[in-house]
Amino acid sequence: MALGWHYTTDLKSLRWRCGYCGRSVGGNVGYRREESCDESKAVYICPYCENPTAFVAGEFGGYGQYPAPVMGEDVEHVPQIVRNLYDEARRCVQYTAHTSAVLSLRKLLMNVAVNLGAPENQGFRAYVDYLNEEGYIPPNGKCWVEALKDKGNEAAHEIAPMSKEDAIMLLDFAEMLLKFVYEFPARMK
């Protein structure tokens, strides 16, 4: 019994979103410390993908989940290079690499513009203008693109790191933009 872990055992039932497969799951099978009734630390096994997720009681109540769930939703009909950047940004948020997430989302916006016909090797402003002029930015969405541009510039050129709130806000916008540009039109075909 390395490090004092038992074989799988029954734990109190718990629901969570798996950080590996992304499914909303529940279960009561996992691991706990040997000879311990302390439920402040436990490892649950996802009943779908069978990967382990640790739950550790926080100092101020609640539980931390490791790995955390992937942020954002899958978006259909997205070109592979754009999907890779979107998934990279989602994983960055999952693992608290918020500055990296913002930089990936900035790059994602550039790749979306090029995929939709913008010329390569332009400045970021040219890509934003292209998306706006060609009608790819939804009504009232320009402020979101500007926020992504500004936060992306801040992430690239300033010392201060990006916050979790910034990364999640921009990821939400990127998800909405990808659905607007790729998923919804493909559904209509």
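## Exercises on a predicted model

A42 touches L11, Y31, T53, A54 and F55, not counting residues up to four places away in sequence. The model is predicted.

**Exercise 1.** Locate A42 and decide whether A42 is buried or exposed.

*Solution.*
- Step 1: find the element. A42 sits in strand β3, residues 41–45.
- Step 2: read the accessibility. The relative value for A42 is 10%.
- Step 3: apply the cut-off. Buried means under 20% relative accessible area, so A42 counts as buried.
- Step 4: check a distance. Between the C-alpha atoms of A42 and Q65 there are 10 Å; the two residues are 23 apart along the chain.

**Exercise 2.** Describe the surroundings of V102 in its helix.

*Solution.*
- Step 1: V102 belongs to helix α2, which spans residues 98–115.
- Step 2: V102 has a relative accessible area of 0%, so V102 is buried.
- Step 3: list the contacts, setting aside neighbours within four places in sequence. V102 is in contact with K151, G152, A155, M162, A167 and L170.
- Step 4: add L171. Its C-alpha atom lies 8.0 Å from that of V102, with the two positions 69 residues apart along the chain counted as their separation.

**Exercise 3.** Explain why M176 can take part in a surface patch, and name the other members.

*Solution.*
- Step 1: M176 is in helix α5, residues 164–188.
- Step 2: M176 has a relative accessible area of 32%, so M176 is partly exposed.
- Step 3: patch residues need over 30% relative accessible area. M176, at 32%, therefore passes this cut-off.
- Step 4: M176 joins F180 and F184 in a nonpolar surface patch. Together the three have about 250 Å² of accessible area.

Terms used: Residues are numbered from 1 along each chain as its sequence is written. This is a predicted model: local features need pLDDT of at least 70, side-chain atom pairs count only at pLDDT 80 or more; totals for chains, interfaces and linings use all residues. Side-chain values use heavy atoms; hydrogens and water are left out. Patches are made of residues with over 30% relative accessible area and no salt bridge: like charges are joined within 9 Å, nonpolar side chains (Val, Leu, Ile, Met, Phe, Trp, Tyr) within 5 Å. Accessible areas come from the Shrake-Rupley method with a 1.4 Å probe; for residues, only the protein chains shown count as cover. A salt bridge is a side-chain nitrogen of Lys or Arg within 4 Å of a carboxyl oxygen of Asp or Glu. Helices (H or I, at least four residues) and strands (E, at least two) are DSSP runs, numbered from the N terminus. Buried means under 20% relative accessible area, exposed over 50%, partly exposed in between (1.4 Å probe, protein chains only). Contact means heavy atoms within 4.5 Å.
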